[in-house]
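Q: Can we go through this one together? I'd like to start with the cysteines, then look at some helices and strands.

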Amino acid sequence: MTAVIDPQAELDTPLLQDNVQLIGGEWVPAASGETIEVINPANRQLLARIPRGTADDVDAAVKAAEQALPAWRDLNATARASLLYRWATLVEENAEVLDQLESRDVGRPHWGPSPVPGMLRFIAGQADKVHGVSLPTYSPDVMGFTVREPFGVVGAIIPWNAPGPMFTNEVAASIAAGNTIVIKPAEDAPLAPLALAKLAMDAGIPAGVVNVVTGYGSEAGAAIPSHPGIRRVGFTGSPATGSIVMEACARNLIPLHLELGGKSPQVVFPDANLSAAAPAIAAGITMNTGQICAAGSRVVVHRSVHQEMVERLAEAMQKVTVGPWHQQVNMGPLINGRQHERVMGYIEAGKSGGADLVLGGGVPSGEAFGDGFFVNPTLFDNVKPDMKIAQEEIFGPVLSVIPVDNEEEAVAVANGVDYGLVASVWTEDVGTAVRMSRALEAGQVGVNNALGAGVIGGPFGGYKSSGFGRTMGADAVQNWTQVKTISMRGATRPGN
Ligand code: ADP
């Protein structure tokens, strides 16, 4: 249940200082001295000021990461793991403050226990399990094997929708493998990442291993993949920006992973347990105000249960309460004015495109909503698969229901978008579940669950335009390593 917190109370925490970023273990302002205002999306009030970092700050951070690299890379893997475990403990001890920071920044109500300590412990456990294989050789004089090595100094750029977990994914996995990192949080939600970085320092992770440069995407962000000292990049965000980041990586001939969002289908068969499916789908599209790349935004439903499903979805979505994060609500505002305009634009496109508006479609009014970027949970029915709202990622609480006549059509509609991040199947029949799990083009498939949740250590990432490479799980650590093949010829035996 959401805790009721005084929104006016200053969040006075030693984890955050005003207007500093982390470079080489020092908390410093931007080289330019300029700042960015971070606002509360529920009322547009000032939350904090952060440094407006630019290429100069990224350069200083890369140099610090280069200095820290040899010792960190050569520290034994078990010692690296111990430091990550200690970091996890500190995160757990500070869970409430971290949660509040993220709520203020993103505008979301309390999510329940933070996943971050568990994520950190899982990754810590991987640090000393990065290994190669032994290989057969043509001669007994030679031994062959592979080793996995870090790339060196790496970079990451993360979005604002789940800043704590995103920061943890990229930082923990990359440093577990022996890299040092320069990471830029989103300008809209940098507070939890800065606090997590402070805890990493407190845990004893050496100066320069983790560097956080704050700033705008076109300034600090763009400077990361184009810096000649960066050896690999991780990017999570929009496809348009992902493409720009990939171009920069291409110019420097460095690899990257991209996690770019989705248009996840929820495929509902006639035998599905609708009373379980409807609330789970409604929760999936309204959690974090629909600002989750995995959010199931299309319900592809068999016509025989279509009507009942729409009624159940409307009932479930109607129960979703909207308001500022500190009240007992299920859903907060959108992150900023640009995003609000975008989501409202999609709602208009749904209406004018001929979809039936069943629920929502507007902005809640009343004093509690003040100047916040609120929107009501919105349900469209009889959406055609080629409509804009059925094809493009909205990143808001807008759900489209698309009726279909059979399994073949369900697969065609579910896969008929550019994205391929998550897909869900709702059925009680194991045969349908097996066929659909194979047929759906997505990096994650959930059977009878909406967000592909419930798996420990599951790698996360996309098919098709949703990206490539994986964050989370053991694969994430492997992604941040490169393979070296060693052929080792021993001393020649006397007489040979
Ligand atoms: P959104 O439009 O939702 O903010 P973006 O993909 O633009 O999504 O943002 C994700 C992250 O990418 C943020 O940290 C942002 O600052 C950063 N970013 C934006 N533009 C660029 C760019 N040209 N180069 C590198 N990073 C960028």
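A: What follows is a short run through cysteines, a helix pair and a sheet, all from a predicted model.

Q: OK, how many disulfides are there?
A: The count is zero.

Q: What about Cys249, which cysteine sulfur is nearest to it?
A: That of Cys293, 19 Å away, and Cys249 is in no disulfide. A disulfide needs the two sulfur atoms within 2.5 Å, so the sulfur of Cys293, at 19 Å from its closest cysteine sulfur, is too far for a bond.

Q: Is Cys249 buried or exposed? And Cys293, buried or exposed?
A: Cys249 counts as buried because its relative accessibility is 1%, and the cut-off for buried is under 20%. Cys293 is buried too, with a relative accessible area of 10%.

Q: Switching to helices. How do α2 and α5 cross?
A: The axes of α2 (residues 77-93) and α5 (residues 163-176) come within 10 Å and cross at roughly 160 degrees. The two helices are therefore roughly antiparallel.

Q: Which residues make that contact?
A: From α2, Arg80, Leu84 and Trp87; from α5, Phe167, Val171, Ala172, Ile175 and Ala176. By class, the contact has seven nonpolar residues, one charged and no polar.

Q: Now the sheet with β22. What is the strand order?
A: It is an open sheet of three strands, β5-β6-β22, paired antiparallel.

Q: Which strands are at the edges?
A: β5 (134-135) and β22 (481-489). Each has a single partner strand, so one side of each has no neighbour in the sheet.

Q: And how many bridges between β6 and β22?
A: Nine, in the antiparallel sense, with β6 covering residues 142-150. Met143 stands opposite Met488 in β22.

Methods
Residues numbered from 1 in each chain as written. Predicted model: local features only at pLDDT ≥ 70, side-chain atom pairs only at ≥ 80, totals over all residues. Heavy atoms only, no water. Buried < 20%, exposed > 50% of the residue type's maximum accessible area, 1.4 Å probe, protein only. Axes fitted to C-alpha atoms, helices over the stretch in contact; angles between N-to-C directions. Helix = DSSP H or I, 4+ residues; strand = E, 2+ residues; numbered from the N terminus. Parallel < 35°, antiparallel > 145°, perpendicular 65-115°, else oblique. Contact = heavy atoms within 4.5 Å. Nonpolar A, V, L, I, M, F, W, Y, C, P; charged D, E, K, R; others polar. Pairing = 2+ DSSP bridges.
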